[in-house]
Amino acid sequence: MCGIVGYIGNKNASQVLIEGLKKLEYRGYDSAGIAIIDGDDILVRKCKGALKFLEQKIADETIKGSVGIGHTRWATHGEPSDTNSHPHASMDGSISIVHNGIIENYATIKAQLQAQGSVFLSQTDTEVVVHLIDKIYKEEKDIFKAVLKVLHMVEGSYALGVICKDYPDRVICCRKESPLVIGLGKDENFIASDVPALLEHTRDVYYLGEKELAVLYTDHVDLFNFEGEKIIKEPSHVEWDMDAATKCGYEHFMIKEIHEQPKGLLDTMRPRIVHDKNGKPTDVYFEENKMDDSWKKARRVVITACGTAYHAGVVAKYAFEKIARMQVDVDVASEFRYRNPILDKDDIFIVISQSGETADTLSALRLAKKEGLKVVAITNCVGSTVSREADDVIYTLAGPEIAVASTKAYTTQLLCLYLLAIKAGKLRGTLRDVEATKLLTELELIPSKVQEILDGKEVIQKFASKQFNKDKIFYIGRQFDSATAMESALKLKEVSYMHSESFPAGELKHGPIALLDPKTLVVAIASNPDLYDKIGSNMVEVRARAATVLVITQDDSGAFTGKTDEIFKIPTCSDTLASLLTVIPAQLFAYYCAIQRGYDPDKPRNLAKSVTVE
């Protein structure tokens with residue numbers, strides 16, 4: 001994914017674009033660039049590397065102009081370089097574009113254009129689009145018609161921002177399978193890939209829909225479908241606090257967002273738990289959910305997601321099976337639609353995506369709907385594609401998550417899935433009222449228990465300072481804890497680049513034990529007292545091979561005394577819900593290891609916040 005911004009108004013466009021790109025740099029930081037209509041020409045400035053290098057490049061330059069587009073890149077086609085940076089321009093420099101996505105038929109179009117005399121400077125798929133627009137524009141003599149015609153010629157996913165020096169009064173943008181938001185100001189308007197880039201200027205936005213196009217002028221915005229027909233929609237108002245998109249004194253967004261989890265969990269939970277007149281929690285209510293009858297007759301739950309969201313789905317498998325006694329299949333979305341899945345119209349299909357724009361997850365959603373299944377989406381982004389296309393949507397009220405490595409989005413996803421499992425159990429009669437009340441009472445205590453863990457984070461910080469140079473880190477656990485181990489290993493490798501793996505603790509002797517040596521750290525997650533003896537045996541096996549062992553547990557009995565090098569104690573809670581707590585120390589450990597190793601945890605190499613292309 002990449003970050004797009006655009007501006008038209010009365011301010012200095014370069015300043016607006018640079019500030020907007022700073023809010024989107026989590027989407028890509030291989031290179032950055034801007035294009036400004038400056039008098040009779042389009043001025044393009046771009047360079048390889050982080051946005052700060054672009055700022056340095058233009059620091060001594062006076063760039064006029066109040067119309068422009070900007071881009072921060074996560075490389076797909078073509079290595080990071082000055083030439084491959086966006087914006088790209090037509091050969092005569094009259095048209096410039098920025099692009100987020102992948103043009104799948106670019107090679108065919110490029111060959112045709114080269115045969116007709118087009119000269120390409122970059123290795124990107126994007127440059128094909130600007131040359132194609134230029135070609136059609138010379139025929140049509142109308143930039144809007146040219147862009148519209150090109151949209152029916154290119155295949156793939158894209159969000160585009162387009163400016164033309166012959167039309168200095170407008171910015172054109174469009175989207176297909178890649179997000180784009182239009183900010184509505186007073187005598188100025190904006191485009192951006194994500195809301196944080198707009199919050200400084202406006203809270204009134206259009207979420208551009210699938211296969212929609214917009215033309216921005218200083219005083220208004222016109223919306224169209226891909227047939228060129230004008231459409232009308234009501235603006236949305238963004239409620240996010242500006243502080244949610246800034247660091248607020250924290251060194252990094254990642255640690256800030258780890259600390260925001262108690263609030264995110266509380267905000268996500270509060271409107272969804274029903275209390276009786278005595279204040280006792282008795283049921284779960286989703287204002288968005290209208291599928292009670294579907295839950296009652298469902299034979300199976302199918303969950304699909306990618307990365308961290310997939311790990312939330314694995315935890316949910318255990319939760320639904322234990323609480324609602326439902327069969328659950330969990331699939332990686334990138335594999336799901338290619339294996340000809342067996343689906344039944346009575347299945348409930350759940351998709352999980354922080355951004356609501358994950359390409360593979362969207363494809364899985366569309367396949368499920370085509371097969372007649374009811375789809376529930378869990379997402380953090382109002383107006384996202386999954387929220388519009390699903391039958392029901394449950395929002396995680398976590399606020400904007402800026403760091404690439406997901407933390408608060410994960411735990412709020414887990415919370416929504418637990419609530420949904422409790423709701424399903426109640427509807428299906430597999431969860432007695434007294435059991436539901438007990439679980440909900442414990443859930444209401446989770447935010448304060450997360451805060452308790454955060455208040456004791458120095459223990460994890462100290463442990464990380466001793467372990468950050470380990471060659472191999474293995475996370476092990478059983479049942480719910482094996483799912484948490486998957487997320488914990490991912491978090492560590494994402495931000496610290498340490499080699500980490502996860503596997504069920506019982507699999508230790510089936511291969512991984514061969515890798516244990518004094519340079520290995522094993523993190524055992526143990527929240528279920530019924531399994532303490534089993535995982536304790538695993539720890540003894542690990543220490544016998546001279547590896548270091550950390551256990552994250554709620555044990556108060558001393559079950560792991562003498563079996564581990566370090567114990568991190570989490571507050572006591574139901575082992576069914578403990579996944580909401582055991583992951584917090586793992587997040588902190590990943591963060592502190594990254595810091596010890598000198599890496600920026602907000603911008604891990606080669607990664608982007610959301611994968612909006614396959």
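1. Ala586 is buried, as its relative accessible area is 2%. In this predicted model, Ala586 belongs to helix α18. Lys491 stands 95 residues away from Ala586 along the chain, yet the C-alpha atoms of Ala586 and Lys491 are separated by 7.8 Å. When reading the structure, note both numbers for this pair: the separation along the chain is 95 residues, and the separation in space is 7.8 Å.

2. Asp602 sits in the segment that follows α18 (579-596). Asp602 counts as buried because its relative accessibility is 5%, and the cut-off for buried is under 20%. Asp602 and Ile109 are 493 residues apart in sequence, and their C-alpha atoms are 37 Å apart in space.

3. The next points concern charged pairs. The structure holds 37 salt bridges. One of them joins Glu61 and Arg45, with the closest N and O atoms 2.6 Å apart. This pair links distant parts of the chain, 16 residues apart: Arg45 is in strand β3 (residues 41-48), while Glu61 is in the loop between α2 (51-58) and β4 (67-73). Glu61 counts as partly exposed because its relative accessibility is 29%. Arg45 is also partly exposed, at 24% relative accessibility.

4. Arg175 forms a salt bridge with Glu357, and here the closest N and O atoms are 3.6 Å apart. The two residues are 182 residues apart and link distant parts of the chain: Arg175 lies in strand β8 (residues 171-176), and Glu357 lies in the loop between β20 (348-353) and α11 (359-370). Are Arg175 and Glu357 buried or exposed? Both are buried.

5. A further salt bridge is formed by Lys457 and Glu458, whose closest N and O atoms are 4.0 Å apart. Lys457 is buried, with a relative accessible area of 18%. Glu458 counts as partly exposed because its relative accessibility is 44%. Elsewhere, Glu19, Lys22 and Glu55 are joined into one network by salt bridges that share partners.

6. The interior also contains empty space. How many cavities of 30 Å³ or more does a search of the whole structure find? The search finds 3. The second largest cavity holds about 50 Å³ of space. Its lining is made by Val5, Gly6, Val16, Leu17, Gly20, Phe190, Ile191, Ala192, Ala197, Leu198 and His201.

7. Which elements each supply at least two residues of the lining of the second largest cavity? They are β1 (3-8), α1 (13-24) and β10 (189-192). By class, this lining has 8 nonpolar residues, 3 polar residues and no charged residues. Gly6 and Gly20 are among the lining residues; glycine is placed in the polar class here.

8. The last point concerns the surface. Met91, Val119 and Leu121 make a nonpolar surface patch of about 330 Å². Met91 is located in the loop between β5 (88-89) and β6 (95-103). Is Met91 buried or partly exposed? Met91 counts as partly exposed, because its relative accessibility is 49%, and the exposed class begins over 50%. Residues in a patch need over 30% relative accessible area, and Met91 has 49%.

Definitions and conventions:
Residues are numbered from 1 along each chain as its sequence is written. This is a predicted model: local features need pLDDT of at least 70, side-chain atom pairs count only at pLDDT 80 or more; totals for chains, interfaces and linings use all residues. Side-chain values use heavy atoms; hydrogens and water are left out. On a 1 Å grid over the protein atoms alone, a cavity is a set of points where a 1.4 Å probe fits but cannot get out, and a pocket is an open set with protein on both sides within 12 Å along at least five of seven lines; lining residues have an atom within 4 Å of a point. Grid points are joined across faces, edges and corners, and a volume is the space filled by probe spheres set on the points. Helices (H or I, at least four residues) and strands (E, at least two) are DSSP runs, numbered from the N terminus. Patches are made of residues with over 30% relative accessible area and no salt bridge: like charges are joined within 9 Å, nonpolar side chains (Val, Leu, Ile, Met, Phe, Trp, Tyr) within 5 Å. Accessible areas come from the Shrake-Rupley method with a 1.4 Å probe; for residues, only the protein chains shown count as cover. A salt bridge is a side-chain nitrogen of Lys or Arg within 4 Å of a carboxyl oxygen of Asp or Glu. Buried means under 20% relative accessible area, exposed over 50%, partly exposed in between (1.4 Å probe, protein chains only).
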